[in-house]
Amino acid sequence: MPLGLGSGLFAVVLPKETTNLATNPSLEFGTTNWSPVAGGAAIGTTSLYQTYGAWSLIVTPTITSSAAFYYAGTFGAGSYVASGWIKGSVGARYRFTPTETTLANVSLATGTVIATGAWQILSATFGAPVGTGVNIVFL
């Protein structure tokens, strides 16, 4: 029998069910809970470039800003994975860093990607101390 016909092995991966802690992840409610980082970058929503949902965040940089933005959330103690999709300028380096807000924005982890011009995912695993506010900073 030729290879691949009538026999084979496959597996199904069932992801662990989790709750998305971001309350407006696909920007269906505008920029609610999203803010530009100090420096003046403008943020808004667009339906031209979305990957999930009907909207995506668009960031317009200024001379004094590196086009950074963040989503702020409060997390209990535990291990978390922060992830987000980005469609950046080809060859540009993008990163995001979960930071602890109570200790002068101490970095908890970093995710980095070199943009291809297509949608790419950024991801970082981090641990949050008890009762800590966490900002997810995108640069």
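Let me start with Y49, which is found in the loop between β2, residues 42-46, and β3, residues 56-60, and please keep in mind throughout that what we are looking at is a predicted model. Is Y49 buried, exposed or something in between? With a relative accessible area of 44%, Y49 is partly exposed. If we leave aside the neighbours within four places in sequence, Y49 is in contact with S56, K87 and W119. The last of these, W119, is 70 residues away from Y49 along the sequence, and yet in space the two are 9.3 Å apart, C-alpha to C-alpha.

W119 takes us on to another tryptophan, W85, which has its place in strand β5. Here the C-alpha atoms of W85 and W119 are separated by 6.3 Å, although the two residues are 34 apart along the chain. Which residues does W85 touch, once those up to four places away in sequence are not counted? They are T51, Y52, W119, Q120 and I121. W85 counts as partly exposed, because its relative accessibility is 39% and the buried class ends at 20%. I121, which lies in strand β9, also has a value in the middle class, as it counts as partly exposed at 46% relative accessibility. Together with Y52, the residues W85 and I121 form a nonpolar patch on the surface, and the accessible area of the three together is about 340 Å².

Now let us move one place along the strand, from I121 to L122, which is also found in strand β9. L122 is buried, with a relative accessible area of 2%, whereas I121 is partly exposed. Not counting residues up to four places away in sequence, L122 touches A82, S83, G84, I86, Y94, F96, G111, T112 and V113. One of these, S83, is 39 residues from L122 in sequence, while in space the two C-alpha atoms are 5.3 Å apart.

F96, another residue that L122 touches, leads us to the interior. In soluble globular proteins, nonpolar side chains tend to be buried together. In this model the largest nonpolar core has 13 residues, and those with the most contacts inside it are F96 and F126. Three strands, β5 (78-86), β6 (93-100) and β9 (120-128), each supply at least two residues of this core. Strand β6 is itself mostly covered, since 6 of its 8 residues are buried.

What does β6 pair with? Strands β6 and β8 pair in the antiparallel sense, over 4 bridges, and within this arrangement R93 stands opposite I114 in β8. If you follow β8 along residues 111-114, you will see that the side chains alternate: G111 and V113 point to one face and are buried, while T112 and I114 point to the other face and are not.

Before I turn to the whole chain, there is one residue whose backbone deserves a careful look. Most residues other than glycine have a negative phi. L27, however, has a positive phi of about 55°, although it is not a glycine. Where along the chain is L27? Its place is in the segment before β1, which covers residues 34-36. L27 is also buried, with a relative accessible area of 4%.

Finally, let us step back and consider the protein as a whole. How many helices and how many strands are there? There are 0 helices and 10 strands, so that, read along the sequence, the pattern is β-β-β-β-β-β-β-β-β-β. The protein has 139 residues, of which 30% count as buried. Its accessible surface comes to about 8900 Å², and 60% of that surface belongs to carbon and sulfur atoms. When we take the contacts between residues at least 6 apart in sequence, 61% of them join residues at least 24 apart. The pairs we met earlier, such as Y49 and W119 at 70 residues apart in sequence, or L122 and S83 at 39, are individual examples that you can look up in the model for yourselves.

Technical notes: Residues are numbered from 1 along each chain as its sequence is written. This is a predicted model: local features need pLDDT of at least 70, side-chain atom pairs count only at pLDDT 80 or more; totals for chains, interfaces and linings use all residues. Side-chain values use heavy atoms; hydrogens and water are left out. A nonpolar core is a set of buried Ala, Val, Leu, Ile, Met, Phe, Trp, Tyr and Cys residues joined through side-chain atoms within 4.5 Å. Buried means under 20% relative accessible area, exposed over 50%, partly exposed in between (1.4 Å probe, protein chains only). Contact means heavy atoms within 4.5 Å. Accessible areas come from the Shrake-Rupley method with a 1.4 Å probe; for residues, only the protein chains shown count as cover. Patches are made of residues with over 30% relative accessible area and no salt bridge: like charges are joined within 9 Å, nonpolar side chains (Val, Leu, Ile, Met, Phe, Trp, Tyr) within 5 Å. A salt bridge is a side-chain nitrogen of Lys or Arg within 4 Å of a carboxyl oxygen of Asp or Glu. Two strands pair if DSSP finds at least two bridges between them.
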